[in-house]
Each structure stands twice: as structure tokens, then as C-alpha cells.
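Biologist: I'm new to this one, and I'd like to learn how to read it. Could you walk me through it feature by feature?

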Amino acid sequence: MDMNLPDNVVLTKLDPLANWCRKNSLWPMPFATACCGIELMAMAASRHDISRFGAEVFRFTPRQCDLMIVAGRVVMKMMPVLQRIWLQMPEPKWCISMGACASSGGIFDTYAVVQGIDHFIPVDLYVPGCPPRPEQIIRSVIDLQEKIQKEGSLSGTEFTERERQHRKRALQDVLDDTL
Amino acid sequence: MADTQEQLLANFDKALLRFSTFRDNHRVVVSPDTVTKLLSFLKQSCDFDLLIDITAVDYLHYPKAEHRFGLIYNLICTDREERLFVKTWLDEPDLTIPSAVPLWTGANWMEREVFDMFGIVFEDHPDLRRILLPDAFSAYPLRKDYPLRGRGERHNFQRITRAES
């Protein structure tokens, strides 16, 4: 495209533009159930200051959020609540599993504690640590921003589309095997 | 403490009570059919006005244990700053004991917790149902014959995928 554009005009596609907007204004939903929640608060507070990355607007209603941070262990009585909150969040949405307990159950290998939330809801990023330091969570937010920039689309339905493609491929594999 | 012990001995059959002391903890062991009478006597005549806790122990596989469950009431007299543990026992199949709610209202949730974890039934409890675990839970997890990792309860959820959410 050969146009005489002035220096302050940039050309791009709509998808990356939407992604750029989204990744720099993440609205986290703090699902803080244990000590990880304290580090999550430290991350939001002035010393570490997540607002440098545009994700400082914590909302306590899932309908206004697009990033769920599950901080702490999830017990089986809490799992239906977690799933319901996840379903209430509008697309596009992402999920960070913060700490050993949310990612794997941690040291709590008992009848009541879910052994990793990714068994039951989709997770984009896992943060190791018990609890992780605020810097680690900030790192995960930056990584998530990268992921959003790479994968997102304007309609925000990329996950649905990706799942559809994945299923189509899986079905094709099964057909190839049987035929 | 000596006063309480004397008062109890004066009002109850000596053969029914077993006193012991360990590191300033005073304990009295009674049979399950006497425990309600003893508790109401402790409250009304010995001024044990505060019930701190009700808890239970499963003595399954315990060496030299005579009974399956131990049920422990932790009482305090706030005037004399005196603490007393009243212990009784229960055996299967009859895991019922009269509720302490008429004496101390605070026993309500404590008994619900013991019921939730051990399956001990408190008769005439106003609202005996599970307090910590989900209502649909079918086992009593603090019993020693219940596996630590459960019987699959923590895995019985629907899986939500990206496409569905």
C-alpha cells in the first residue's frame, strides 16, 4: 500500500488493534480463597502496582471482568461457585491459576480439595509458588498480554472457533484411523 | 477443681465416674446414658456456664481401645476460671446421644459438625444436618475407615471447556 501517510498514522488490521486494546486493559476478577490472595493484594498495591500494566481495575462482579485469577485452594464445595462465576464472565475471558493449590491441589491431597482447577475450567496460565511473589504474578500478566496479542480476534470468539477446529481435527483423526 | 469433683461424687454413683488429670487438664469419663444428667448438673449446680467445644475421636485401630467413638465436651466455668473435659463413648450400631442444645444453645453448630464428620446422631437437635460438607455428601470423612483422598467426591464435577463458556 503506497500512500503518503504522515508519521503519526499507523496502519494495522482490526484484530491486532482489538487485541492491543484488550491486553492493556485487563479487568481481573480476584477469586482469592487463601494466602495467595494476600500476594494478589500486594501485587495490586502501590509497591508492585499492577496498574503499570493496565490491570488494576479489580471488580468483584464477574460480569465486569475478563481475567479470572484463581488464588488459593478450591474445595469441592467451592467448585460449583467457581464454575458459575466463570460462566458469568463475558467473552473474551482468560484465567490465571495462581499458586500450587489452584494448579495442582498443592499439599492438600485430601477428599475435599480439588486437585487442580484445570480439571474443571479452562486455564491459560499457571503461576508456580506457594504463594507466588507479586513479581511472578506480574510476569504472568505480561505473558498473558503476549498471548492475547497473538491469539485474539475482533469478535472475541476465537476460543469457540479454536475449539471447533480442534474437534474437527480430532474427528478427522478418528475417521482416518478407522477407514 | 476439687470442689467440683466432690460435688459430683456427692451426687453421682462413684462407679459411674472416672476422674483423671493430665497437665492441668481435668477430665471425667462417664457412660453415654449418664452424660446428659451430668452435663445438666454441671451447668445448674457447678456453674459451668460456657460450652467451648464438642468434638469426637474415632478409636478404630487404636491399640487397647474399648470403644469405637469418644465424644468430648469441653466446659468452662467463667466465674472460677475452671475448665473440665467430659468424655463419653459410643459404639456402633447405636450412635445416638441426647443433644446438649437445651443446656447450651451454642452446642447447635458443634453437634452439627460432629454429625457431619463422624455421623454421630444427636437426639432432639433442632436442626441436625451437615454444616461444612455439601448436603449431597454421603460419607463421614473423619472416621478412620474413610480414605484420606476420598471416594471420588472431588472429581465429580462437570468439566467446562472453552467452547461451552
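Biologist: Let me start with chain A. Among contacts between residues at least 6 apart in sequence, what percentage join residues at least 24 apart?

Modeller: It's 79% in chain A. Keep in mind that this is a predicted model. In chain B, residues 24 or more positions apart account for 52% of the contacts with a separation of 6 or more.

Biologist: And what is each chain built from, in helices and strands?

Modeller: Chain A has six helices and four strands, and from the N terminus its elements run α-β-α-β-α-β-α-β-α-α. Chain B comes to three helices and seven strands, in the order α-β-β-α-β-β-β-β-α-β. The C-alpha trace of chain A spans about 65 × 60 × 25 Å along its principal axes, and that of chain B about 70 × 35 × 30 Å.

Biologist: How do I read a sheet?

Modeller: Here's the general idea: strands of a sheet pair through backbone hydrogen bonds, either parallel or antiparallel. In chain A you'll find an open sheet of four strands, ordered β1-β2-β3-β4, with parallel pairing. Its edge strands are β1 and β4 of chain A, each of which pairs on one side only. From one strand to the next, the twist averages 20°.

Biologist: How many bridges join β2(A) to β3(A)?

Modeller: Five, with the two strands running parallel. For one pair to look up, take A:Val70, whose bridge partner in β3(A) is A:Ser97. You can also look for α5(A), which lies across β3 and β4 of chain A and runs at about 165° to β4(A).

Biologist: Where would I go for antiparallel pairing?

Modeller: Try chain B. Strand β1 (residues 18-22) and strand β2 (residues 25-29) of chain B run antiparallel, joined by five bridges. B:Arg18 stands opposite B:Val29 there. The hairpin has two residues between the strands, and B:Arg23 takes a positive phi near 50° in it.

Biologist: In which sense do β2(B) and β5(B) pair, parallel or antiparallel?

Modeller: Parallel, over four bridges; strand β5 of chain B covers residues 82-90. The bridge partner of B:His26 in β5(B) is B:Leu84.

Biologist: Now, what about the inside? How do I find a core?

Modeller: In soluble globular proteins, nonpolar side chains tend to be buried together. Here the largest nonpolar core has 36 residues, and A:Leu67, A:Met68, A:Ile69, A:Val70 and A:Met98 have the most contacts inside it. Several elements of chain A give two or more residues to this core, including α2 (36-44), β3 (94-98) and α5 (134-151). The most comes from β2(A), with five residues.

Biologist: Which residues is A:Ile69 in contact with, leaving aside its neighbours within four places in sequence?

Modeller: Among them are A:Pro28, A:Phe31, A:Leu40, A:Ile96 and A:Met98. There's also a second, separate core of 28 residues, which includes B:Val28, B:Phe48, B:Ala56 and B:Met110. As for burial by chain, 33% of the 179 residues of chain A count as buried, against 21% of the 165 residues of chain B.

Biologist: How do I describe two helices that pack together?

Modeller: Two packed helices are described by the angle between their axes and the distance between the axes. For α2(A) and α5(A), the angle is about 70° and the axes are 9 Å apart. So α2(A) is roughly perpendicular to α5(A). On the α2(A) side, A:Glu39, A:Leu40, A:Ala42 and A:Met43 meet A:Pro134, A:Ile137 and A:Ile138 in α5(A). The residues of this contact divide into six nonpolar, no polar and one charged.

Biologist: Let's try a loop residue. Why does A:Val114 count as buried?

Modeller: A:Val114 counts as buried because it has 24 C-beta neighbours inside 10 Å. A:Val114 lies in the loop between α4 and β4 of chain A. Beyond four places in sequence, its contacts include A:Val74, A:Met79, A:Phe120 and, from the other chain, B:Arg154.

Biologist: That takes us to the contact between the chains. How many residues come from chain A and from chain B?

Modeller: Chain A gives 21 residues and chain B gives 15 residues. On the chain A side, α3 and α6 (158-178) are the elements that give two or more residues. That side divides into 12 nonpolar, five polar and four charged residues.

Definitions and conventions
Residues are numbered from 1 along each chain as its sequence is written. Chains are lettered from A and ligands numbered from 1 in the order in which they are written. This is a predicted model: local features need pLDDT of at least 70, side-chain atom pairs count only at pLDDT 80 or more; totals for chains, interfaces and linings use all residues. Two strands pair if DSSP finds at least two bridges between them. A nonpolar core is a set of buried Ala, Val, Leu, Ile, Met, Phe, Trp, Tyr and Cys residues joined through C-beta atoms within 7 Å. A residue is buried if 20 or more other C-beta atoms lie within 10 Å of its own, exposed if 12 or fewer, and partly exposed in between; C-beta atoms are placed from the backbone. Two residues are in contact if their C-beta atoms, placed from the backbone, lie within 7 Å. Ala, Val, Leu, Ile, Met, Phe, Trp, Tyr, Cys and Pro count as nonpolar, Asp, Glu, Lys and Arg as charged, and the others, Gly among them, as polar. Axes are lines fitted to C-alpha atoms, for helices over the stretch in contact, and angles run from 0 to 180 degrees between N-to-C directions. Angles under 35 degrees count as roughly parallel, over 145 as roughly antiparallel, 65 to 115 as roughly perpendicular and the rest as oblique.
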